[in-house]
Amino acid sequence: MKTADKIRLARAAYRLIRFGRRLVGKNDLASVVRGQARYDLELSEGIDFAIYIGAFERATQRALGKLVKPSSTVLDIGANVGAHTLLLAKLVGEEGRVLAFEPTDFAYTKLCRNLELNPELAERVRAFQCFLTVENSIAVPSTIYSSWPLVTRSETHAKHLGLEMPTSSASSRSLDNVLREAGVKNVDLVKLDVDGYECDVLRGASTLLTKMRPIFVMELAPYVLQERGASLEELVSIFTGSGYQFFDERTGQALPSTSAELRRLVGDGESRNVIART
């Protein structure tokens with residue numbers, strides 16, 4: 001299903017729930033516990049609303065639950081409000097470690113708030129407000145998509161209905177540099193969802209790919225890669241050149257290893273969640 005179609009369905013459900021909440025004197029702000037973690041949510045936001053109704057990327061959460069082991073070191077790249085960050089913190093346990101990356105002021109503020117609400121899990125997490133790219137000190141895009149509003153906005157993306165948000169407090173870093181400075185010697189898993197900037201992240205992560213060789217749980221969306229000046233061909237070549245193979249996130253079935261074959265599986269405006277592993 002196209003992202004835009006998912007957002008349209010969420011908008012219809014949001015209108016119904018908003019109506020019901022208003023009947024009992026409640027607004028769009030909600031503090032809830034989901035998956036043994038507490039969140040402060042703004043229900044007019046697509047990601048927040050999905051967390052509220054218990055529908056946020058359930059297949060990805062199931063995949064992470066199977067792949068992440070206690071004491072692991074994992075990365076959440078494109079953490080947004082922290083839904084997967086908090087799950088990962090729970091999965092790695094007291095001896096594990098989570099590094100979470102989010103560049104936009106809007107989502108990073110919400111991420112930090114949700115970590116603050118879960119102090120035991122937050123002890124396992126280090127959050128970075130940075131834009132991961134090929135090397136340090138490259139100019140950070142002034143805005144990046146990190147909001148999916150459930151009220152109609154004229155300036156949203158034509159295909160995925162996202163809204164760009166400012167990155168005024170973000171720095172640019174290479175992932176290899178961040179890991180080296182943080183003293184990280186090994187990474188077991190990476191959740192990667194950066195809406196077209198995947199190649200930028202990976203070009204700055206050669207040590208991660210060739211020496212640490214973690215599992216990746218990620219989204220393939222050719223149309224957003226193209227919008228960022230990259231391509232599915234480039235992304236696939238980075239992984240296959242490092243000895244990785246792709247698998248379907250839901251079924252675990254092996255997927256084609258060429259960009260042409262993968263492209264036939266993902267329509268324009270669509271994405272497919274995959275696992276990449278050696």
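**View 1. Phe19, an exposed residue in a nonpolar patch.** Phe19 is exposed in this predicted model, with a relative accessible area of 55%; exposed here means over 50%. Follow the chain and you will find Phe19 in helix 1, which covers residues 3-23. Together with Leu23 and Val24, Phe19 forms a nonpolar patch on the surface. The accessible area of Phe19, Leu23 and Val24 together comes to about 360 Å².

**View 2. A patch of positive charge on the surface.** Here you can see Lys6, Arg58, Arg62, Lys66 and Arg250 gathered in a surface patch of positive charge. Helix 3, residues 58-67, supplies the largest share of this positive patch, with 3 residues.

**View 3. Arg250, a loop member of the positive patch.** Let us look at one of the patch residues by itself: Arg250 belongs to the positively charged surface patch and sits in the loop that runs between strand 12 (245-248) and helix 12 (259-263). Its relative accessible area is 66%, so Arg250 is exposed.

**View 4. Leu87, a buried residue in helix 4.** Now for a residue with little accessible area: Leu87 has 15% relative accessibility and therefore counts as buried, the cut-off being under 20%. Leu87 is located in helix 4, residues 83-92. Once its neighbours within four places in sequence are set aside, Leu87 is in contact with Gln61 and Leu64. For a distance to check on your own screen, try the C-alpha atoms of Leu87 and Arg34: they are separated by 9.9 Å, with the two residues 53 residues apart along the chain.

Note on methods:
Residues numbered from 1 in each chain as written. Predicted model: local features only at pLDDT ≥ 70, side-chain atom pairs only at ≥ 80, totals over all residues. Heavy atoms only, no water. Patch = residues over 30% accessible without salt bridge, like charges linked within 9 Å, V, L, I, M, F, W, Y side chains within 5 Å. Areas by Shrake-Rupley, 256 points an atom, 1.4 Å probe, with all protein chains shown as cover. Salt bridge = Lys/Arg side-chain N within 4 Å of Asp/Glu carboxyl O. Lys, Arg positive; Asp, Glu negative; His and termini not counted. Charge placed at Lys NZ, Arg CZ, Asp CG, Glu CD. Helix = DSSP H or I, 4+ residues; strand = E, 2+ residues; numbered from the N terminus. Buried < 20%, exposed > 50% of the residue type's maximum accessible area, 1.4 Å probe, protein only. Contact = heavy atoms within 4.5 Å.
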